[in-house]
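Here is a short briefing on one protein model. Look at the overall fold before turning to its pockets.

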Amino acid sequence: ILNRPSPGAICWREKRFEALVDGDWISGTIDRVVLDSDRATIVDFKTSSLPADTNPQVAAEEHRPQLENYRAVVRRMTGLGEKDIRSFVFFTKTSLLVEV
């Protein structure tokens, strides 16, 4: 997930934004966005530890509202469609990548 998918791909790291989304003003910083031809991949890094008995998918789902905001912002910034943007949570301590 940290490699460039193709020579023409563009990577945004720590991309700051402010935007009006569904009538709400939101601001933040997206950890990583990779733009590759007609698609985008959003990765949100989480450094907190997951307890051994925690289902990673359930833990990632807790971040869905945040990632949905990021997806809306990336759609506005790029003009890509909903289906052209994937989003992931990467749990750094366990190296787990979970799509949300």
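A pocket is an open set of grid points where a 1.4 Å probe fits, with protein on both sides within 12 Å along at least five of seven lines. Its volume is the space filled by probe spheres set on those points. Rolling a probe the size of a water molecule over the atoms shows where empty space is left. The model here is predicted. In it, the second largest pocket holds about 150 Å³ of space, and the largest pocket has a volume of about 190 Å³.

**Overall fold**
- The protein has two helices and five strands.
- Read from the N terminus, the order of elements is β-β-β-α-α-β-β.
- The radius of gyration is 14 Å, close to the 13 Å that the globule rule gives for 100 residues, so the protein is as compact as a globular protein of that length.
- Along the principal axes, the C-alpha atoms fill a box of roughly 40 × 35 × 25 Å.

**Packing and surface**
- Of the 100 residues, 37% count as buried; here, buried means under 20% relative accessible area.
- Take the contacts between residues at least 6 apart in sequence: 54% of these join residues at least 24 apart.
- The protein exposes about 6,200 Å².
- Carbon and sulfur atoms supply 48% of that exposed area.

**The largest pocket**
- Which residues line the largest pocket? They are Ile1, Asn3, Pro5, Arg32, Val34, Asp36, Arg39, Thr41, Val43, Arg86 and Phe88.
- Strand S2 (24-36), strand S3 (39-46) and strand S4 (85-91) are the elements that give two or more residues to this lining.
- By class, the lining of the largest pocket has five nonpolar, two polar and four charged residues.

**The second largest pocket**
- The lining of the second largest pocket consists of Val21, Asp22, Asp24, Ile26, Glu68, Asn69, Arg71, Ala72, Arg75, Arg76 and Glu82.
- S2 and helix H2 (64-78) each supply at least two residues of this lining.
- Which element gives the most to the lining of the second largest pocket? H2 does, with six residues.
- Seven residues of this lining are charged, three are nonpolar and one is polar.

**Side by side**
- Strand S2 gives two or more residues to the lining of the largest pocket, and S2 also supplies at least two residues of the lining of the second largest pocket.
- Four charged residues line the largest pocket, whereas seven line the second largest pocket.

Terms used. Residues numbered from 1 in each chain as written. Predicted model: local features only at pLDDT ≥ 70, side-chain atom pairs only at ≥ 80, totals over all residues. Heavy atoms only, no water. 1 Å grid on protein atoms, 1.4 Å probe; cavity = no way out; pocket = protein on both sides within 12 Å on 5 of 7 lines; lining within 4 Å. Helix = DSSP H or I, 4+ residues; strand = E, 2+ residues; numbered from the N terminus. Nonpolar A, V, L, I, M, F, W, Y, C, P; charged D, E, K, R; others polar. Rg over C-alpha atoms; globule rule 2.2 N^0.38 Å. Buried < 20%, exposed > 50% of the residue type's maximum accessible area, 1.4 Å probe, protein only. Contact = heavy atoms within 4.5 Å. Areas by Shrake-Rupley, 256 points an atom, 1.4 Å probe, with all protein chains shown as cover.
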